[in-house]
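Reader: I'd enjoy a close look at one part of this model, with the cut-offs spelled out as you go. Could you walk me through the pocket and the helix beside it?

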Amino acid sequence: MTTPSPLQSRISEDMKTALRGGDKARLGTLRLILAGLKQLEVDTREALDDARVLAALDKMVKQRRESIAQYREAGREELARAEEAELEVIQAYLPQPLSEAEIRQQVEAAVAESGAGSMKDMGRVMGLLKPRLQGRADMSAVSAQVKARLSG
């Protein structure tokens, strides 16, 4: 049996606390998180480190945001609120998000570090940024900043 990552262990402990405290909404979300992480372990056939757990949580956040937008568009406010509650629980395990200025600074550093000069170098720049910013910034917004920087 593999040892869970520190973040995975923290989520598991928080689930036990929610179970003992009778916090059903939080418990349900934590169970969803752990089930998603377990499925990822099964699919990849390897133990998850904190970076992989953060990437999975980031994906869950993105899914919740998309669902919230779709539910609001369809006038299903009660479902949007349920997704928002799940989103709040998931985000508690992500690092503090970076500001626009911090993201811009990271983009500039990655462009300089990679020696990128044109759009064809975008993959190299994103390859440097993804592990640094995963879970701390919306990667599609980061990608847009990189495009703007390399095309300008």
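Author: **The largest pocket and helix α3**

The largest pocket holds about 680 Å³ of space. Here a pocket is an open set of points on a 1 Å grid over the protein atoms alone, where a 1.4 Å probe fits and protein lies on both sides within 12 Å along at least five of seven lines; lining residues have an atom within 4 Å of a point. Grid points are joined across faces, edges and corners, and the volume is the space filled by probe spheres set on the points.

This is a predicted model, in which local features need pLDDT of at least 70 and side-chain atom pairs count only at pLDDT 80 or more, while totals for chains, interfaces and linings use all residues. Residues are numbered from 1 along each chain as its sequence is written, and side-chain values use heavy atoms, with hydrogens and water left out.

The lining of the largest pocket has 27 residues, and Ala55, Asp58, Lys59, Met60 and Lys62 are the closest to its centre. Two or more lining residues come from each of α2, α3 and α7 (139-151), and α3 gives the most, with ten. Helices are DSSP runs (H or I, at least four residues), numbered from the N terminus. By type, the lining has twelve nonpolar, seven polar and eight charged residues; Ala, Val, Leu, Ile, Met, Phe, Trp, Tyr, Cys and Pro count as nonpolar, Asp, Glu, Lys and Arg as charged, and the others, Gly among them, as polar.

Now to α3 itself. Its 24 residues reach 35 Å from first C-alpha to last, close to the 34 Å expected at 1.5 Å a residue (1.5 Å times one less than the number of residues). After α3 comes Gly75, with a positive phi near 75°. The buried residues of α3 include Asp58 and Met60, along with Val53, Leu57 and Arg64 (buried means under 20% relative accessible area, with a 1.4 Å probe and protein chains only). They pack against α1, α2 and α4.

The largest nonpolar core has 23 residues, with Leu37 and Leu57 among those with the most contacts inside it. Such a core joins buried Ala, Val, Leu, Ile, Met, Phe, Trp, Tyr and Cys residues through side-chain atoms within 4.5 Å. Its largest share, seven residues, comes from α3. Leu37 touches Val53 and Ala56, among others beyond four places in sequence (contact means heavy atoms within 4.5 Å).

Lastly, Glu86 sits in α4 and counts as buried because its relative accessibility is 18%. Beyond four places in sequence, Glu86 contacts Thr29, Leu32 and Arg64.

Terms used. Buried < 20%, exposed > 50% of the residue type's maximum accessible area, 1.4 Å probe, protein only.
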